[in-house]
Every structure is written in structure tokens, then in C-alpha cells.
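Trainee: Could you walk me through this one, bit by bit? I'd like to start with what sits in the middle.

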There are 2 protein chains.
Amino acid sequence: MTHIVDDADHFAEQALAGFCDVHGRLVRPVTGGVVRATATPENKVALVIGGGSGHYPVFNGYVGPGLGDAAVAGDVFASPATRLIANVARKAHRGGGVVLCFGNYAGDVLNFGFAAERLRADGIDTRVVPVTDDVVSAPRGQEARRRGVAGDVMVLKVAGAAAEAGLGLDEVERLARHANDRTRSFGVAFGGCTLPGADGPLFTVPEGRMAIGLGIHGEPGIDEQPTASAAELGALLVRRLLEDAPDGATGGRVAVLLNGLGGTKYEELFVLWTHVASALRGAGLALVAPLVGEYVTSLDMEGCSLTICWLDEELERFWLAPCDSPALRIGTVSEAGPAAPLPPDDAEAGNRWTEAPAPSREAGAGIARALDALATALRGAEEELGRIDALAGDGDHGQGMTRGAAAAAAGAREAAGAGAGAASVLAAAADSWADRAGGTSGAIWGLGLRSAAGALSDERAPDAAAVAAAARAAIENVMRLGGAKPGDKTLVDAFEPFARVLSGALDAGTPLSEAWSRASEAAHAAAEGTKDLLPQLGRARNHAERSRGHRDAGAVSFALAARTVGEFVR
Amino acid sequence: MTHIVDDADHFAEQALAGFCDVHGRLVRPVTGGVVRATATPENKVALVIGGGSGHYPVFNGYVGPGLGDAAVAGDVFASPATRLIANVARKAHRGGGVVLCFGNYAGDVLNFGFAAERLRADGIDTRVVPVTDDVVSAPRGQEARRRGVAGDVMVLKVAGAAAEAGLGLDEVERLARHANDRTRSFGVAFGGCTLPGADGPLFTVPEGRMAIGLGIHGEPGIDEQPTASAAELGALLVRRLLEDAPDGATGGRVAVLLNGLGGTKYEELFVLWTHVASALRGAGLALVAPLVGEYVTSLDMEGCSLTICWLDEELERFWLAPCDSPALRIGTVSEAGPAAPLPPDDAEAGNRWTEAPAPSREAGAGIARALDALATALRGAEEELGRIDALAGDGDHGQGMTRGAAAAAAGAREAAGAGAGAASVLAAAADSWADRAGGTSGAIWGLGLRSAAGALSDERAPDAAAVAAAARAAIENVMRLGGAKPGDKTLVDAFEPFARVLSGALDAGTPLSEAWSRASEAAHAAAEGTKDLLPQLGRARNHAERSRGHRDAGAVSFALAARTVGEFVR
């Protein structure tokens with residue numbers, strides 16, 4: 001349970017403020033996260049880490065010399081918004097480029113990927129390195145689809161040390177990817193974690209059983225079995241990882257992390273370590289500076305995971321390099337003085353609009369009205385969408401969409417009220433949606449609307465060509481950055497036919513309202529058709545099983561949105 | 001729950017082995033605990049900390065330069081045996097004397113106190129400093145009766161830094177006591193902890209309620225109230241401590257520890273910190289290097305505590321001094337090389353006996369037979385003793401006595417089998433009892449029997465004078481080191497009249513068997529009379545309430561023992 005809370009909606013934000021107060025020697029708060037408080041050399045590569053909150057010390061506990069330059073913090077278990085990632089990275093950038101490092105989850109891939117594009121557009125060379133260490137989340141040969149769990153620590157330790165040593169952006173990126181390629185994790189859970197403000201745990205494990213391969217947000221595992229003795233559990237963890245040893249990892253020296261997920265006692269981890277250590281040594285491996293403790297938690301989840309990084313000479317050097325951060329100190333880092341004051345937040349956070357010419361201004365007002373109607377429609381469908389989502393996911397889709405659309409409508413209204421043009425109104429809606437909705441749907445809608453806004457203008461009302469270009473840009477970016485294709489049982493299943501029919505009809509000279517109407521019907525038909533699809537994307541097996549025969553909530557809500565907005569299209 | 005366990009009886013021992021394997025740079029295992037693995041200067045004062053296990057990082061996590069020289073580890077929530085404390089301290093001693101620092105609990109006071117006497121007898125100047133920071137466990141003016149909780153961290157940090165700075169034994173003891181005098185803690189619990197091997201938690205807190213002032217072993221608190229918001233909880237913690245500020249603490253600078261008990265999320269602590277920090281600053285206090293995290297746990301207990309140490313110039317210097325240990329690093333400690341190899345365990349651990357003359361040997365065999373009978377009798381009474389104990393305590397008295405007596409009988413049998421005399425057989429029984437029984441009863445019985453053994457001889461059979469002297473020595477040491485008087489509702493209520501009647505009758509020339517019989521009856525009558533007593537000793541209020549009208553389990557088992565052994569007295 002979460003017992004210490006004022007307001008569940010601001011729990012993560014408040015925890016971050018408390019953390020910054022305690023660790024002011026090492027970190028200072030910025031909008032969206034923290035950056036180092038200690039001086040950092042000009043032109044050093046900036047390692048920016050981040051993801052959802054609720055995993056302390058991941059990520060903010062690992063900011064400091066020899067580790068991260070900054071950490072972005074989303075809401076509990078929710079990806080931070082694109083805008084916040086870009087803001088934190090700009091603050092951390094010292095002229096040497098940026099490496100964005102995060103766990104491989106759909107929302108984070110979207111938000112960090114889109115943030116990287118925005119940073120590059122500003123002239124900041126930016127690389128993205130998703131961590132993919134969890135062996136149960138996709139089979140061998142599909143390692144890139146695996147999710148990131150405690151292996152974050154190995155990757156950010158190596159990348160942080162490489163950046164601190166003054167290596168260039170290509171090298172830091174290469175080493176981060178190399179560490180990730182050599183890292184494998186496997187975990188078990190004995191009991192669920194409870195989100196702040198929730199009445200009960202996110203999931204439960206029956207008494208006397210353990211969930212095998214469960215994710216750090218309660219994603220389904222691959223199996224469940226009776227609780228084992230410490231000896232049996234140690235053998236299981238080691239066996240499962242050694243079976244999955246990366247190709248070419250032959251040196252016999254490994255970095256090891258035996259991680260507690262929050263509710264498991266330190267003493268239990270030490271008991272388990274006796275078996276893990278002897279099994280690894282029995283397999284001929286030398287254990288280099290092993291870590292045993294709480295390094296990547298999942299709120300108060302009971303459980304543990306084992307992570308192994310197969311070292312070579314360069315990985316071992318960076319694994320052992322000194323570092324200093326709130327949660328991890330190794331060796332001795334020479335004391336750096338305090339950093340220079342930070343530049344102010346970037347302009348886009350300020351939402352300043354200039355008054356647009358009347359046609360574009362009127363189009364902007366129309367967009368705002370359409371989004372109001374969308375927010376109302378989604379609020380009406382919230383429960384139904386939640387029910388559909390709960391069949392295969394965590395059931396929060398309706399809530400996320402309602403919150404996102406309401407925020408988007410408010411953002412659009414504010415921009416339209418200030419006389420902004422169509423492009424700016426839609427961009428304001430996009431950023432508000434992404435900031436407030438959280439989760440994957442928030443990231444996708446923010447990205448899609450932002451991409452569409454880029455095809456509009458603040459000078460003119462959008463014509464048929466602009467609307468077609470907006471639809472194409474949106475679906476193109478959502479598919480490229482989100483990595484989903486039609487048939488993967490995501491909103492793309494409805495969005496892709498919508499965009500294809502809309503832009504095709506407009507190109508053929510069909511009037512806008514007629515083209516939109518046809519596109520909406522195509523989206524509806526496709527959403528219904530997701531019943532018969534099996535998801536192909538890197539999700540756990542149980543998810544695929546459970547989603548058979550059910551519509552995808554993201555596709556359904558997209559179709560609803562297309563139809564609702566259609567009323568405003570003339 | 002405890003999910004990772006092989007054998008609950010060896011859980012603490014196995015956890016310690018795992019801990020030593022991970023942290024071999026800083027600590028190495030010895031019988032009974034750990035000592036530093038890093039070189040320590042000759043003649044440095046040795047700070048030896050310890051107590052029951054289950055509180056990681058307390059105590060073994062705080063061994064290293066600038067902190068403890070060694071830590072003694074008892075079973076989970078049970079005091080380490082006298083013999084083990086003495087062994088660990090001998091290993092840590094560098095010629096400068098020893099400070100034994102531990103939380104103020106009956107079993108620890110007995111065992112550390114008796115160990116100090118044994119060390120002094122060996123020529124090692126030894127001081128004992130019990131930590132007494134928990135404001136709810138005794139009122140103002142009776143601070144010395146308070147139990148030790150998270151304030152351990154403040155006291156051992158200051159004492160460790162003072163010892164590292166090369167201060168002498170008097171000064172290190174003075175500073176440890178001074179830090180303790182300036183330190184106050186107050187805690188709340190939301191949920192109980194589960195002992196390894198147990199089916200359910202040691203205690204529970206009703207859903208939506210919190211226990212105020214609960215101890216770190218589940219000792220009763222002073223109140224229960226509905227769960228508060230983080231803001232209200234922060235205000236409560238701060239108010240309760242500021243009300244109890246020590247006299248003469250006026251500097252306005254404080255060391256602060258906001259501690260999680262194991263099952264409370266890091267994020268919750270950071271949320272709470274925002275309120276604690278602002279309330280303290282609002283009271284005009286400057287917060288010096290505050291700590292927020294899990295520093296003194298209670299297995300997986302949900303809850304937290306706040307500790308304040310009112311600093312003066314010397315306390316602040318030692319609070320901020322560098323240290324390096326598995327769980328706490330501050331500043332930079334210059335790298336010490338590895339320590340020299342350790343001397344072998346002391347002889348008494350080896351249990352080597354020489355054959356005694358026949359009369360003493362025969363008396364030794366008689367003692368062993370009597371202890372066999374005692375073990376049988378206690379096994380028969382185990383459930384009944386547990387039931388009596390559960391009315392006011394944790395219900396483990398019967399189990400502890402059965403385990404202790406069985407071990408004592410086995411130890412005595414082994415010594416007698418090797419031809420040892422009366423004194424050695426009884427000493428072997430004492431040490432076995434203390435080693436295996438755990439808890440306060442184990443400490444008292446070990447101490448009583450060891451004290452009695454000191455009045456016997458390996459040359460002669462014990463005569464009336466020796467038996468009288470043994471009884472006097474035993475009750476004198478138990479009362480002096482245990483701090484209990486008749487009327488405190490402990491075993492002393494039965495033991496004191498037993499020893500008084502026995503030695504008085506023997507002094508008056510009464511035959512031994514008749515004297516013993518009268519003494520036994522006095523013990524029985526007194527044990528029955530504990531129904532009408534109210535405990536005076538430093539225990540929480542609820543305990544006093546609950547024990548009204550019930551016999552004391554320790555007094556009852558003492559009376560049973562006296563009668564059982566009487567059958568063998570001729």
C-alpha cells in the first residue's frame with residue numbers, strides 16, 4: 001500500500017521535490033526532472049536517462065559524476081512527455097551532444113524518440129539507446145523487442161563512465177549499446193505493488209506462489225509456480241540467464257546485480273546471494289564488483305531480479321570507474337565545484353502566441369471547438385474504453401484518453417483565445433495532451449497531433465492539401481517512432497486506413513467533409529476488425545492470449561475521435 | 001512475508017554470509033559477526049556495534065573506516081550471545097580499548113554488559129553505551145529507560161568518527177553518550193513485519209490506521225489513529241520530537257534522519273520529507289546533511305521514523321566526518337590497505353576440557369542429568385509458557401526456554417562425557433544456553449548459570465558453601481546487569497526469593513536438599529504472586545496494561561526449573 005501521500009495526482013512530482021531537497025549537493029530540479037548540480041566540463045557528452053517514476057533509485061538517484069548528467073521523471077509508471085525530455089536534455093547539453101537512455105517501453109520509445117528529433121532540429125546531435133535486458137519479454141533473436149528492467153543500471157553505469165572519461169558521442173553511444181547487448185535480466189515476483197491513491201495492488205500473486213518473469217510495472221509474466229527455496233530460486237535465476245548468454249561473450253568475467261523490487265527484505269537478498277554467487281562461480285565466472293540491494297524498484301513490489309553483464313576489457317573498465325550519485329558511489333570522484341546557473345526553460349514551455357490572420361485564427365477556433373467535443377465524447381466513453389483495455393492491458397486507456405483530450409481542449413482553447421493560428425492551436429493541444437495524459441496513448445496522440453500541426457500554418461486556413469499532408473505526417477511519425485504496423489493491434493490499425501483513405505480522397509479532389517467521413521468509416525471498420533488480429537509487437541505471451549477476440553482499445557478510441565471531429569469538418 | 005528462505009533457523013547466519021561475500025572489500029566474517037577488512041591503526045579505540053538481525057543496514061552495514069570496527073549479529077530480533085560479543089570484540093581490539101554500542105533492550109543490555117565484564121577480566125578496557133532515542137518508550141526524566149531505534153545511526157556515526165580521529169577511550173565514550181543524549185526518535189507503522197519461517201506477520205495494523213510509536217520489533221505503540229495525509233504525518237513527527245528536545249540543545253543546527261522501516265517506498269519518504277524539512281526549517285532549525293532512506297529497517301515493516309540529533313560544534317564535526325561502509329559513505333576516506341590476518345577464535349569457543357578429579361567429575365555428571373530432566377520438563381511446559389507469555393509479550397518464551405535448556409543439557413552432557421568437573425560442566429551449559437536460546441531469557445539464563453559456575457570448582461564436589469555462593473553470584477549478576485528488581489514482573493521475582501532462601505538456609509546449616517526444597521517453594525509462591533504485580537521496568541504502556549492479572553512467564557519457568565532440578569539435589 002501507499003500510506004504516505006497528499007495528492008495522488010502529484011505524488012511523483014512531490015517525491016522529486018523532496019529528493020532534490022535532500023540531494024542538493026548532486027542534483028537540482030528543472031522542469032521535468034533533475035540535472036547535475038556539480039560542474040561538468042564543456043563539450044562533455046550529456047547522458048540523459050529517464051522514464052516513469054516509482055522505480056527509485058531509477059532514474060534520478062543515478063545522476064552525478066560518472067553517471068547521468070540529467071534524469072527525466074514521468075508520472076508513476078508513465079513515460080515523461082516529449083516536451084519535458086527535450087527541456088531536460090537542453091539543460092544538460094554541454095555542446096558534446098546527447099545520449100538519451102531509457103527502458104524499452106512503447107511510451108518511452110515514442111517520447112524519447114520524438115524528443116531526439118526535436119533536439120536534432122535545434123542542432124543538438126542526439127542518440128537514443130533503449131535498454132532491452134529482460135529475457136522473458138521476447139525470445140532470442142528478437143532481443144531488440146525486449147523490455148528494459150534492472151539492466152538499466154549496467155548500461156547507464158558504462159555510458160556514464162565513458163562520457164565522464166571524455167569520449168565522443170559516437171563512442172558513448174557505441175558503448176551504451178554494447179553494454180546493453182551484453183546484459184540480461186530475469187526476475188520473479190511474490191506480491192504486487194500499489195499505485196499511490198489506489199485501493200488495492202496493481203496485481204496479486206497467490207499466497208505460496210511466485211510469478212516468473214513479471215515486469216517492473218506488473219506486466220504479465222510467463223509462468224507461475226510454487227514458491228521455491230532460496231537455493232532453488234538462486235539456481236533458477238542463474239540457469240535462465242546463462243541459457244541466454246549473448247553470443248561472443250566468452251571472457252568469463254561478469255558484472256552482477258541482484259536487485260530487490262522494493263518490498264523484499266535486504267536479508268532475503270543476501271540469503272539468495274549465497275546461492276547465486278556459488279552457482280555463477282560454479283559456472284566458471286568471476287564476479288566483478290557485484291551489487292546486491294534495491295537498485296531498480298517497482299514501488300513496494302515483493303520480488304527480485306538477477307542481472308548479468310558479460311564484460312570485456314572496456315566494459316569492465318567503465319563498470320569499475322568511479323562515480324558519485326545519490327544512490328551509487330564507487331571509488332573516489334574528485335570533488336567538482338557547483339555548476340554554473342542554468343539557462344531559462346525553452347520558449348515552447350511558455351506558450352506565447354502571436355495573433356494570426358483571420359482565416360487561420362478562425363480555423364484555430366474551429367479546432368478548439370472540435371477538441372471540446374472530442375473531450376466530451378471520450379468522457380462519455382471512458383468506462384467502456386477502460387473495460388475493453390482491461391481485457392488485455394491495465395485498464396487505464398479510458399482514463400488516459402479522457403485526461404489527455406480534456407487537457408488538449410483546454411490548451412487549444414487557451415491558444416485560440418489568444419488569437420493563435422491553426423498550426424499553433426493544434427501544437428498547443430498536442431503538447432497539453434502529451435503532458436497530461438501520460439502513458440503510451442498520451443505519447444502517441446501528442447506525437448500525432450504535433451506532426452499534423454507541422455503541416456498546417458498560422459498564416460492560412462488549412463486547405464485540402466494541408467489536411468492530407470497533416471494526416472500523412474501524423475501516421476508516418478507515429479509508425480516510425482512507435483514502431484507499430486497495421487496488424488499489431490494498436491491504434492495504428494484504425495489510424496493507418498483513416499490517413500490512407502483521407503489523403504487519397506483529398507488527392508482525388510473529394511470535398512473535405514466527404515473525404516473525412518469516408519476515412520472515419522474506414523477507421524471504424526478497422527477498429528472492429530482488430531478482434532480478429534493477434535498482436536505481433538514485443539509484448540508478453542499472456543497479453544497475446546488475453547487479447548484474442550477483443551477489439552483494441554486504442555483503435556476503438558481513435559475511430560470514435562475521427563467520427564466526433566468529423567462533425568466539425570466542412 | 002519472507003519469501004526467500006532455506007531454513008528459518010539459519011536465516012540470519014546465511015544472510016550475514018551473503019553480505020560478507022558481497023562486501024569483502026570492507027568486512028570479513030568472524031564467529032558471531034564481522035570485523036573490518038581494511039587496515040586499522042594500532043591503539044585505535046575499537047567501536048563494536050551490534051544486536052539482533054533483521055534491521056539491515058543496522059548493524060553490519062555500518063562497519064568500515066569512520067564507523068564501526070566490528071558488528072555482532074544475533075538471530076533475527078534476538079540479542080547476540082555474550083560469548084559471541086566477546087569474541088568479535090577481541091578480534092576488533094587494537095590495544096586502545098573497546099566501546100560496545102547497542103540499542104537499549106533487556107537482552108542486549110545483559111549480553112553486552114556481561115561481555116564487557118569478560119573483556120575487562122582479560123585486560124581489555126571496555127565501555128558500554130546503550131542507545132536510548134525512542135521518545136515514546138519512557139517519559140521525559142526517564143530517558144535512560146528508553147529503547148534504541150534509528151538513533152543508533154547518529155550515535156555510531158559520531159562515535160565512529162571520534163575513534164577514527166584517534167581520540168582516546170574516555171573521549172570516544174563521552175562523545176557516544178553525548179550524541180545519544182542529544183538524539184530523539186519517533187516512529188509510526190502502517191503494517192507489520194513477518195519473521196522468516198512465520199506464517200503471518202508479528203503484528204498487524206488495521207487498514208486505514210497507523211500505530212503511533214511502535215518499536216522496531218513490533219513492540220506495542222502508545223496509540224493508534226486514522227492514517228494521516230503526508231502533511232499531517234510530517235507535522236506530527238516534527239512536533240513530537242521538538243516537544244522532547246533535550247535540555248541545553250540550543251544551537252539551532254540538527255542532524256536529521258527520515259528512516260524507512262523496510263516496506264515503505266522511497267518515493268513516500270521523499271514526499272514526507274518535503275513536509276518534515278519545511279516544518280523543521282519553520283522552527284528555525286538548520287538541517288545538516290540530512291539522510292532520507294532505509295537506514296534502520298525492521299524486516300519488511302511498513303512505517304517510518306524521524307530522528308533528530310541536536311548538534312553542537314563537536315557533534316557536527318563528527319557527524320560530517322568522512323566514512324566508508326557498505327551502507328553509508330560520506331566524503332572521501334583515504335584508501336586503507338587490507339588488514340592483517342585475524343587471530344584464531346578464543347579458547348572458550350573450542351570447548352576443550354581436562355579430566356577432573358572424581359568427586360567434581362561425578363558432580364558434573366549429576367549437573368548434566370539434572371539439566372536433561374530440566375529440558376524434558378520445559379518441553380512439556382512449552383505451550384503453557386508460550387500462552388502465559390503471549391498475554392503480555394510475543395509468546396516465544398516457551399520456545400526459547402525449551403531450545404535453551406535442550407542446548408544446555410547437550411553442552412553439559414558433552415563436557416561431562418569428556419570428564420570435566422562441576423564448574424566446567426555448568427559453564428558449558430551456560431554458554432550453550434545463551435548461544436542457542438536467543439532473546440532475553442537466553443541471556444539471563446546464560447548469565448545466571450555462568451555466574452554460578454564461577455563459584456564452583458573443577459577440583460571438588462560443590463559443598464553447601466559453594467552452592468550458597470553460586471546462588472548469590474547468579475542473582476547478583478542477573479540483577480546488576482539485567483537492571484531488574486523484585487516487583488518488576490520478571491524472572492527475578494522468583495529467582496531472588498529462591499536465592500535468598502537457599503543461601504540463608506545453607507548458611508544456617510540446613511541440609512542441601514531441604515534448603516533447596518524450601519527455596520523452590522518460595523520461588524513457586526513468588527511466581528504465582530506475579531499476577532498481582534505491575535511491571536515497573538521501561539516497557540511500553542500497553543504491556544503494563546496487558547500483563548495485569550497474569551503471571552510472568554519468566555518467573556513461572558524459573559520456579560518449574562528450581563523444582564525439577566531439586567529432584568537431583570542430595
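Trainee: Which residues have the most contacts inside the largest nonpolar core?

Mentor: Keep in mind that this is a predicted model, where local features need pLDDT of at least 70, side-chain atom pairs count only at pLDDT 80 or more, and totals for chains, interfaces and linings use all residues. Residues are numbered from 1 along each chain as written, chains are lettered from A and ligands numbered from 1 in written order, and side-chain values use heavy atoms, leaving out hydrogens and water. A nonpolar core here is a set of buried Ala, Val, Leu, Ile, Met, Phe, Trp, Tyr and Cys residues joined through side-chain atoms within 4.5 Å, where buried means under 20% relative accessible area with a 1.4 Å probe, protein chains only. The largest has 206 residues, and the ones with the most contacts inside it are A:Leu233 and B:Leu233.

Trainee: Which chain B residue does A:Leu233 touch?

Mentor: Contact means heavy atoms within 4.5 Å, and residues up to four places away in sequence aren't counted. From chain A, the partners include A:Val188, A:Phe190, A:Met210 and A:Cys304. The one from chain B is B:Ile4.

Trainee: In the open sheet of chain B, which strands stand at the edges?

Mentor: Strands are DSSP runs of at least two residues, numbered from the N terminus, and two of them pair if DSSP finds at least two bridges between them. Six strands line up as E9-E8-E7-E12-E10-E11, with mixed pairing. Each edge strand has a single partner, so one side of it is left without a neighbour in the sheet; these are E9 (223–226) and E11 (286–293).

Trainee: And how many bridges join E10 of chain B to E11(B)?

Mentor: Those two strands run parallel. One bridge pairs B:Leu258 with B:Val292 in E11(B). The count between the strands is 6.

Trainee: What span does helix H5 of chain A reach?

Mentor: Helices are DSSP runs of H or I, at least four residues. H5(A) covers residues 169–181, which is 13 residues. The expected span is 1.5 Å times one less than the number of residues, and H5(A) comes close to that expected value, reaching 18 Å.

Trainee: Is B:Leu481 buried or exposed?

Mentor: B:Leu481 is found in helix H13 (residues 464–482) of chain B. Its contacts beyond four places in sequence include B:Val109, B:Phe114 and B:Leu447. Its relative accessibility is 10%, so B:Leu481 counts as buried.

Note on methods:
Buried means under 20% relative accessible area, exposed over 50%, partly exposed in between (1.4 Å probe, protein chains only).
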